[in-house]
Protein chains: 2
Amino acid sequence: MLSPESLKLYTRPMPLVVQKYGGSSLADADLIANVAQRVVETRKGGDDVVVVVSAMGNTTDDLMQMARRISDQPSGREMDMLLTAGERISMALLALAIRQEGVEAASLTGSQAGILTDATHGEAKIREIRGDRIREYLDKGLVVIVAGFQGVDPESKDVTTLGRGGSDATAVALAAALGADRCEILTDVDGVYSADPRLVPLARKLDEVSYEVMLEMAASGADVLMARSVEFARRFGIPVHVRSSFHDSAGTWIKEETMEQTVITGVAHDTSEAKVTVHGVPDQPGVAAKLFGELAEHEVDVDMIVQNVSTAGHTDISFTVSELNIDRAREAAERVLSGLDAQGVDVDTNIAKISLIGAGMRSHPGVAADMFRQLAENQINIEMISTSPIRISCIISADRCDEAVKALHDYFLPPDDLVTEAAP
Amino acid sequence: MLSPESLKLYTRPMPLVVQKYGGSSLADADLIANVAQRVVETRKGGDDVVVVVSAMGNTTDDLMQMARRISDQPSGREMDMLLTAGERISMALLALAIRQEGVEAASLTGSQAGILTDATHGEAKIREIRGDRIREYLDKGLVVIVAGFQGVDPESKDVTTLGRGGSDATAVALAAALGADRCEILTDVDGVYSADPRLVPLARKLDEVSYEVMLEMAASGADVLMARSVEFARRFGIPVHVRSSFHDSAGTWIKEETMEQTVITGVAHDTSEAKVTVHGVPDQPGVAAKLFGELAEHEVDVDMIVQNVSTAGHTDISFTVSELNIDRAREAAERVLSGLDAQGVDVDTNIAKISLIGAGMRSHPGVAADMFRQLAENQINIEMISTSPIRISCIISADRCDEAVKALHDYFLPPDDLVTEAAP
């Protein structure tokens, strides 16, 4: 007969958590056993668990290198077939390790888990998640392990990969599709910091960051979680906990804005961009549109854009792009300018973007001035500026990046603020 | 306008060849490039080509070792998920290498290629091949690369592996399902030999062997092609060409019987078996049935069986099994005997099986006597004998195996017979 106690078991489903483990947390057999124990503890704590895994250690890079030795222009379809072997290995080994601990587990590829994407090999976008098979396994009491970074294009039935940060995106998207209570990103750092701790030893681990601020931080070079995953979490209201896979301390929660807003949350930096300057462009309508239209057509994402005041009917336009795209960007600019009376195109890869981020900035208009003054006092020249309501970014010389991050962190987030923060 | 010449192109389909490359032929980037060139030559020679690949070099063993480090009783489902990553890597790399040569190619997993199996993880049997996707790709002019050794169980949608020799089985089954004109097994040996060339330097490469003889050779320890693949080829009448992947010389054709039959085709040996002897079994009805029933129930395949003449109401039963199954076999025998008044169970792993094989044996009744005499003249003791219409096998001590093979080869296939055979 059903007692009220047993009824409760059937009417209230167990909380569901999606945990994502990165490649460095799964790099060898011992680390996999360690992750398995962690998963088993969570399961025994009463949660249903879906685990998303990356490929072990450097597997993806190793496979890419092998492909490059064989082909100088590898087909996207075959590269995706190749790279998806990586998560296949880590997820099967993790399933074995969890079963070894006495807990039933089963692994699913992206395709088996119903992760449907568009057809863009190497950078596919998730279109839909059909979670039936995952739910069926969860209902049977299994821990379900899903390959991160991969999906399937339902048209061609070809396997696809999601590109950089793809496993995080898989985890957050699964959490949304399955109605998970939380999503944990377990990684080799302790959480999100107010600046890169390698540059700023006094950088502070943040207990909580809003989606909005995290989005700006991700776009400004904080690489702990990519913007696409944060945006997904924000859209579906999934609380994300970024924490260490090596110990049990709390990390950083990324969630809806809290009532009280700090003025400055952190200082981010990014040295992966390059600057293109087009000199002496005739100041006539449509030139900028043509230039950035051409860049978009060749899939070059542009970050910052600055156009100088026109002098004598000519002007300079500067923009930044990822260093990886610099050749395509230069070619596009040269193509557009070839018909015009312009002076030429300059490229500078020796730049850094320094950003101050904080939701409280909205109500503190003096922050930008303070930032520029701090840089000036350190004799750091500002080459470009761009702002959002909660971020100010400056392009400076890459050689001065570390100095600038330290100076801004010292000024806006002085050690005094850290008194309430317990040392780990 | 269609000329008679162009019409011919459309009305007469191109010949189709299925080529299978083993792991040692795909062990690194250079070898993969080498295989790609070979495939491209075949394609440019006017054949449609389906390529079946094994995993690169020792990949499968490496993955198994990793799994064993993590789990002492690995789940079959997860082992299959893990191991199938091996062919995924080799097939994607081979597709890249073929495309690098300017020929379009696409790789398919066992599941994508429609290879449906039963649910026996680790030793699945192919039930059906739905070749639509392969045919569609062939019609588009692509070289199609299919992962060997793997399939999918359509009930559970779980990935399965076919066990030892699985990639050869994939190739022959695909050749049958697609109506291929021939199946080539490209490997690290030059073909099928009249004896192991490591033991018998004068062993002769066979130009042609019938399915029937090849079946007996495979069952007797010639490991170039497993019995299951030969049986499949025989059933569907697929001519199989076993040849080297490293050079272009002809190897051995396995096909329907030819008119003229040699008396002896070859001498095979197998040291992978062990002998179990049950002493003093009461000579009452049903004991043997119970013993071999018990063995079958525990999935122990028995090869040879000998029962001695009964003396004083008791008898001895000896049988051979794979060394891998020796513990299970001993346990099963002991379980059956525990209720009976038997004297005990002996195990001998130090045995070899020597077999003489040849379709012409049927019409030459003296062969067995000649074989026993040759062994006797070399003072080699025969422990067990078993025969088929085209094979005679003797169990001897493993220490005498090399000697026995050489003596039998010298006697039944003397060097004189080799005069017509051109040296490579």
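**Exercise 1. Show why α3(A) and α4(B) count as roughly parallel to each other.**

Solution. The model is predicted.

Step 1. Find the helices: α3 of chain A covers residues 59–70, and α4 of chain B covers residues 76–100.

Step 2. Take the axes. Those of α3(A) and α4(B) come within 9 Å and cross at roughly 25 degrees.

Step 3. Apply the cut-off. Angles under 35 degrees count as roughly parallel. The pair α3(A) and α4(B) is therefore roughly parallel.

Step 4. Add the hand. The crossing of α3(A) and α4(B) is right-handed.

Step 5. List the residues in contact. α3(A) brings Leu63(A), Met66(A), Ala67(A) and Ile70(A). α4(B) brings Ile89(B), Leu93(B), Leu96(B), Ala97(B) and Gln100(B). Eight residues of this contact are nonpolar, one is polar and none is charged.

**Exercise 2. Classify the crossing of α3(A) with α4(A).**

Solution.

Step 1. Helix α4 of chain A spans residues 76–83.

Step 2. The axes of α3(A) and α4(A) come within 10 Å, and they cross at roughly 140 degrees.

Step 3. Roughly antiparallel needs an angle over 145 degrees, and roughly perpendicular needs 65 to 115. The helices α3(A) and α4(A) are therefore oblique to each other.

Step 4. The hand of this crossing is right-handed.

Step 5. On α3(A), the contact uses Thr60(A), Leu63(A) and Ala67(A). On α4(A), it uses Met79(A), Leu82(A) and Leu83(A). Five of these residues are nonpolar, one is polar and none is charged.

**Exercise 3. Which elements of chain B supply the side that touches chain A?**

Solution.

Step 1. Count the contacts. On chain B, 29 residues are in contact with 29 residues of chain A.

Step 2. Name the elements. At least two residues each come from α2 (29–44), α3 (59–70), α4 (76–100) and β3 (105–108) of chain B.

Step 3. Rank them. α4(B) gives the largest share, 14 residues.

Step 4. Sort by type. This side of chain B holds 18 nonpolar, five polar and six charged residues.

**Exercise 4. How are the two copies related?**

Solution.

Step 1. Superpose chain B on chain A. This takes a rotation of 180 degrees and a shift of 0.1 Å along its axis, with an RMSD of 0.1 Å.

Step 2. Read the result. The copies are thus related as by a two-fold rotation axis.

Step 3. Look along the axis. Ala85(B) comes closest to it among the residues of chain B, with its C-alpha at 2.5 Å.

Step 4. Compare the surfaces. Of the interface residues of chain B, 100% are also interface residues in chain A, so the copies meet through the same surface.

**Exercise 5. Trace the eight-stranded sheet of chain A.**

Solution.

Step 1. Write the order. The open sheet runs β3-β6-β2-β1-β9-β11-β12-β10 in chain A, with mixed pairing.

Step 2. Mark the edges. β3 (105–108) and β10 (208–210) of chain A each pair on one side only.

Step 3. Give the turn. Neighbouring strands are turned by 20 degrees against each other on average, direction ignored.

Step 4. Check a parallel pair. β2 (residues 48–53) and β6 (residues 143–147) of chain A pair in the parallel sense over four bridges. There, Val52(A) has Val146(A) of β6(A) as its bridge partner.

Step 5. Check another. β9 (residues 182–187) and β11 (residues 240–244) of chain A are parallel too, over five bridges. Leu186(A) stands opposite Arg243(A) in β11(A).

Step 6. Check an antiparallel pair. β11(A) and β12 (residues 252–255) of chain A are joined by three bridges. His241(A) is partnered by Trp253(A) in β12(A).

**Exercise 6. Describe the four-stranded sheet of chain B and the helix packed on it.**

Solution.

Step 1. The order in this open sheet of chain B is β15-β16-β14-β17, with antiparallel pairing.

Step 2. The edge strands are β15 (302–307) and β17 (344–348) of chain B.

Step 3. From one strand to the next, the twist averages 20 degrees.

Step 4. Five bridges join β14 (residues 273–282) of chain B to β17(B). Lys275(B) has Asp348(B) in β17(B) as its bridge partner.

Step 5. Place the helix. α9 (residues 287–297) of chain B packs on the sheet and touches β14, β15 and β16 (314–322) of chain B. The direction of α9 makes about 165 degrees with that of β15(B).

Conventions: Residues are numbered from 1 along each chain as its sequence is written. Chains are lettered from A and ligands numbered from 1 in the order in which they are written. This is a predicted model: local features need pLDDT of at least 70, side-chain atom pairs count only at pLDDT 80 or more; totals for chains, interfaces and linings use all residues. Two residues are in contact if their C-beta atoms, placed from the backbone, lie within 7 Å. Ala, Val, Leu, Ile, Met, Phe, Trp, Tyr, Cys and Pro count as nonpolar, Asp, Glu, Lys and Arg as charged, and the others, Gly among them, as polar. Two strands pair if DSSP finds at least two bridges between them. Axes are lines fitted to C-alpha atoms, for helices over the stretch in contact, and angles run from 0 to 180 degrees between N-to-C directions. Copies are superposed by least squares on the C-alpha atoms of residues with pLDDT of at least 70 in both. A crossing is left-handed if the near helix is turned anticlockwise from the far one by less than a right angle, and right-handed if clockwise.
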